[in-house]
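Hi there,

Here is the structure I promised to pass on. Have a look at it first, and then read on for my notes.

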Amino acid sequence: MDKSYDVIMFYGPPFGGKTAYFYHFLRETHQRVSASELFQENPDIGLRQVILKIASLLRDGKKVVIDDENWTKALRTSYVKTLTAKFPKCKFLCLKFNPEELVSYWSMEWYLAEKVLQHDLSHICDLKKASRKLHHWYGNYRDENSVLKLEEPRQEERMTIKVVKPKLLAQVDYKFEVPALFLQWEAVIVSSDGSNSIHARLIDVINCWLTTNPWGRVIIIFDSLTTSRDSVNSDSSEDLSIESYKPLLSRLCNDITVPVYMFQIQSPVSDQKFCCPPQPGILAFLQRLHHLHLFHRHTLYLYGTNDHYKMADEAGVRHAPAKTVLCKPLMVVSSKCATKVAVKHELKDINFKPRVTGQSSSPDLHVPLFTKTKESTLDGQWGYYEELLPWKYMHGICFHDLSMVERYQQLYADTASRLSEPGSRMISLHPAEVKPQDPEPEASVQSSSVTTEKAANQPATSQSRRGNRAIPSWLVSKNCKQQKDVDDFLQAGPPSLDSSLDEPVTKKKKTVTQPSTIYCMNVLELLETAQLVLLENGITASSPVNLTKTSPNLKPVESIRYDSIDTTKGKNQEEATNKSSHSRTCTKTSSTQVKQHHVVPETITTIPETEGFQATTSAFKGSLEQSNVQLKSGEKHSDTAVGKTTGPDLSFLDDIF
């Protein structure tokens, strides 16, 4: 429908998806004319020359798209009146682009990252002016002295008006699938005696994460804006300049197998509100620069200040306090480690389109700054490179040696998925299936430089003399236990991955076992049972034994509830042994009498039978209340309750012993 119009005029904010709309929907039928680009190429021309160029294209039978903001009524009227006078049958259409606020600001960060990947910062637009226009469009910036005017198009301007609601558009050749581990610099360093140092467990945290994500990005974000107020280590925020953290980064790169990326905003201006925490502009820039999957289950932001917590939450990135994960490094690969946040629909609904002919391309298959590493300043065995971008952005890379970067680049080239491929290699491929092209000793994952150095300094002792005996757990300190868990995890290799890491983790329901009844026999019943066992095995007793003589102090328990116990089996066994010399008479009290004296819960743990001891029964929480049975010494049992009892003849045991 839009292709039938001779002149299509765009109206909307900068970074509102206007140019992308032309390339994907109107490029085959219309010619694009941008007044702002013509003015930038030749500042001496005016609006008249732009209208004459459009008239020339219409005269040649071509249709035209005016790709600009076109905010004022006077500007739009000038186009319509002049072209209508020359071409009376010309049909005009005004496409009003009305994107969400987050979409426009996010697209601005993507635009800057795209220019960085293309190494084409010389032809970049005026970001400061574009940012002010965005603030003015969404009502975030009002200046009475400003020359910016916003007049919406109306039907009386003799144009057909249609509204376009654009989404986030990514014109790329490869998918956004790379997981990332974001580290707030101020949260992973400690200060002692006036000097800064890296947290002792940071190496373990990174290596544990890389075991599951060997192709992932490790990105350190330096916050030079709000460190003194909310930093976890307030003393360490005094000296965090670029020169001060280079020695610390050098030590960090010596113990991990991938290069470390850095990002910092050095001195922001008032127009950079979206770029600074708690706004998520930093993560938007890094997402496009590194092709990050911000909502990946293994993407994690370790923060230390409240602003960085809010920034990760706004971008929909899983986040966790750095001090918590540094205490337990294995938490970095746990699904319960971080807070699960709700992703905004503007960021989740991204429209991925391949690049079209006529647009500049960027080397997406290369990791950022790969071509710049050879120009980096080498200091011994480590390399470092940084560059300053518009908006006072600083991004850089540090690495152990060039071979490390080459292996990392090759790993990314082998696992990156094209936009036309189904699924994602980085999600479906197990890390153990990826083998480096040129493995070297330093490429193996080490748990910590401190641990390795201690192991090397230990004296060599004979294994036969020491044996394989492990130290008891109660003798090992808490830090040693955690370090052993980390070492075992790194040696075991990466765990098996799910077919899709984006699927929610389903929690297993805990099954509560029902309490079972346990019955404890007294001595008399135990002897009776022993006699039955002897009879079953063909051993007979020659003469009875009187239990009262052998154990005069033992007394049976009185008034214990047996109605909850199945005694059918016991009665059948008693009838089968009528021929034996054992006889026992036991009169049970009625169930009504028993309930008045004592109530036995479902679960009985112990019933002691010694004289003068208070027996207590215990049950699960929520069961019947605990009851006490007092066995008083010297208490006489009536003959009606308990008859005279005789036991089996065990005299034959004298011959055995």
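Below is what I found, starting with the whole protein and then moving to a strand, a helix and some charged pairs.

First of all, please keep in mind that this is a predicted model. The protein has 657 residues, and 42% of them are buried. Its secondary structure comes to 23 helices and 19 strands. Among contacts with a separation of 6 or more, 77% are between residues 24 or more positions apart. The exposed surface is about 36,200 Å², with carbon and sulfur atoms supplying 51% of it.

**A covered strand**

Strand 11 is a good place to begin if you have the model open. It spans residues 260-265, and 6 of its 6 residues are buried. In a regular strand, side chains alternate between the two faces of the sheet. You can follow that here: Val260, Met262 and Gln264 point one way, while Tyr261, Phe263 and Ile265 point the other way. Residues of both sets are buried.

Which strands pair with strand 11? One is strand 10 (residues 217-222), which runs parallel to strand 11 and is joined to it by 5 bridges. Within that pairing, Ile221 has Phe263 as its bridge partner. Another is strand 17 (residues 393-399), which pairs with strand 11 in the antiparallel sense over 6 bridges. There, Val260 is partnered by Cys398.

**A covered helix**

Helix 10 covers residues 281-290, and 10 of its 10 residues are buried. The buried residues include Ile282, Leu283, Phe285 and Leu286, but also Gln287, Arg288 and His290. Just after the helix, His291 takes a positive phi of about 55°.

**Charged pairs**

Side chains of opposite charge can pair when their charged atoms come close. How many salt bridges does the model have? The count comes to 11, and I picked out a few for you.

Lys133 and Glu69 form one of them, with their closest N and O atoms 3.6 Å apart. This pair links distant parts of the chain, 64 residues apart: Lys133 sits in helix 6 (residues 127-137), and Glu69 in the loop between strand 3 (63-66) and helix 4 (73-86). Are these two residues buried or exposed? Buried means under 20% relative accessible area. Lys133 has a relative accessibility of 15%, so Lys133 counts as buried. Glu69, at 16%, therefore counts as buried too.

Arg76 and Glu157 make another salt bridge, with 3.0 Å between the closest N and O atoms. Arg76 is in helix 4 and Glu157 is in the loop between helix 6 and strand 5 (160-164), so this pair ties together parts 81 residues apart in sequence. Both Arg76 and Glu157 are buried.

Glu100 and Lys165 also meet in a salt bridge, at 3.6 Å from N to O. Glu100 lies in the loop between strand 4 (92-97) and helix 5 (101-118), and Lys165 in the loop between strand 5 and strand 6 (168-171), so the pair ties together parts 65 residues apart in sequence. Glu100 has a relative accessibility of 32% and counts as partly exposed.

Finally, Arg32, Glu37 and Asp67 are joined into one network by salt bridges that share partners.

Happy browsing, and do write back with any questions!

Best wishes

Terms used: Residues numbered from 1 in each chain as written. Predicted model: local features only at pLDDT ≥ 70, side-chain atom pairs only at ≥ 80, totals over all residues. Heavy atoms only, no water. Buried < 20%, exposed > 50% of the residue type's maximum accessible area, 1.4 Å probe, protein only. Helix = DSSP H or I, 4+ residues; strand = E, 2+ residues; numbered from the N terminus. Pairing = 2+ DSSP bridges. Salt bridge = Lys/Arg side-chain N within 4 Å of Asp/Glu carboxyl O. Contact = heavy atoms within 4.5 Å. Areas by Shrake-Rupley, 256 points an atom, 1.4 Å probe, with all protein chains shown as cover.
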